[in-house]
Amino acid sequence: MKNLIFASVIVVLSAVSAQAEGGLMSLIKPDASLQYGFKTKKWSGDMGATATLGRVSIRPALDWSYSSSTSIGIDGASVKSTMPFGSKLSAFSKLSLDGSFKYDDLSVGIQLSF
């Protein structure tokens, strides 16, 4: 577990420093989210990085959660690919893995931005 978190931090920091220098690594943009669920009383979020190659964006992410009664746990992972069809419409596919990094679900869809 510690090795996985340590490796994730190294990847994110490497992507940030490489982005500042330009070049091929500047195509990778790290991001993260954080949220709190009032009903579940736990924090959750994800850490990922988006790579854009031509018109296609690919975002692998690691999902995690934390509650006061447990430690930080890895809930799963996902890889989302997005291709725009205009300024407001895009198609996507998302592969989801469970906490054991085994196949959980595959979804496809469209998204509209305002």
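**View 1. Strands 3 and 4 pair in the antiparallel sense over nine bridges.** In this predicted model, strand 3 is formed by residues 56-67 and strand 4 by residues 73-84. One of the residue pairs that can be followed in this view is that of S57 and T82, in which T82 of strand 4 is the bridge partner of S57. Strands of a sheet pair through backbone hydrogen bonds, in either a parallel or an antiparallel manner.

**View 2. The six strands form an open sheet in the order 1-2-3-4-5-6.** The pairing within this sheet is antiparallel. Strand 1 (28-37) and strand 6 (103-112) stand at the edges, and because each has a single partner strand, one side of each is left without a neighbour in the sheet. From one strand to the next, the twist averages 20°. The protein as a whole contains one helix in addition to the six strands, and along the sequence these elements follow the pattern α-β-β-β-β-β-β.

**View 3. The second largest pocket is lined by residues that include S57 and T82.** The space in this pocket amounts to about 180 Å³. Its lining consists of D46, T50, S57, R59, A61, D63, S78, K80, T82 and K94, so that S57 and T82, already met as bridge partners, appear again here. Strand 2 (42-53), strand 3 and strand 4 each supply at least two residues of the lining, and strand 3 gives the most, with four residues. By residue class, the lining of the second largest pocket divides into five charged, four polar and one nonpolar.

**View 4. S96 lies in strand 5 and counts as buried.** Strand 5 spans residues 89-97. The relative accessibility of S96 is 17%, and S96 is therefore classed as buried, the cut-off for this class being under 20%. When residues up to four places away in sequence are not counted, S96 touches A77, S78, K102, Y103, D104 and D105. Among these contacts, S78 is also one of the residues that line the second largest pocket.

**View 5. Burial and sequence separation of contacts are given for the whole protein.** As a setting for the buried residue S96, buried residues make up 20% of the 114 residues in the protein. Where contacts in the protein between residues at least 6 apart in sequence are considered, 19% of them join residues at least 24 apart.

Definitions and conventions:
Residues are numbered from 1 along each chain as its sequence is written. This is a predicted model: local features need pLDDT of at least 70, side-chain atom pairs count only at pLDDT 80 or more; totals for chains, interfaces and linings use all residues. Side-chain values use heavy atoms; hydrogens and water are left out. Two strands pair if DSSP finds at least two bridges between them. Axes are lines fitted to C-alpha atoms, for helices over the stretch in contact, and angles run from 0 to 180 degrees between N-to-C directions. On a 1 Å grid over the protein atoms alone, a cavity is a set of points where a 1.4 Å probe fits but cannot get out, and a pocket is an open set with protein on both sides within 12 Å along at least five of seven lines; lining residues have an atom within 4 Å of a point. Grid points are joined across faces, edges and corners, and a volume is the space filled by probe spheres set on the points. Ala, Val, Leu, Ile, Met, Phe, Trp, Tyr, Cys and Pro count as nonpolar, Asp, Glu, Lys and Arg as charged, and the others, Gly among them, as polar. Buried means under 20% relative accessible area, exposed over 50%, partly exposed in between (1.4 Å probe, protein chains only). Contact means heavy atoms within 4.5 Å.
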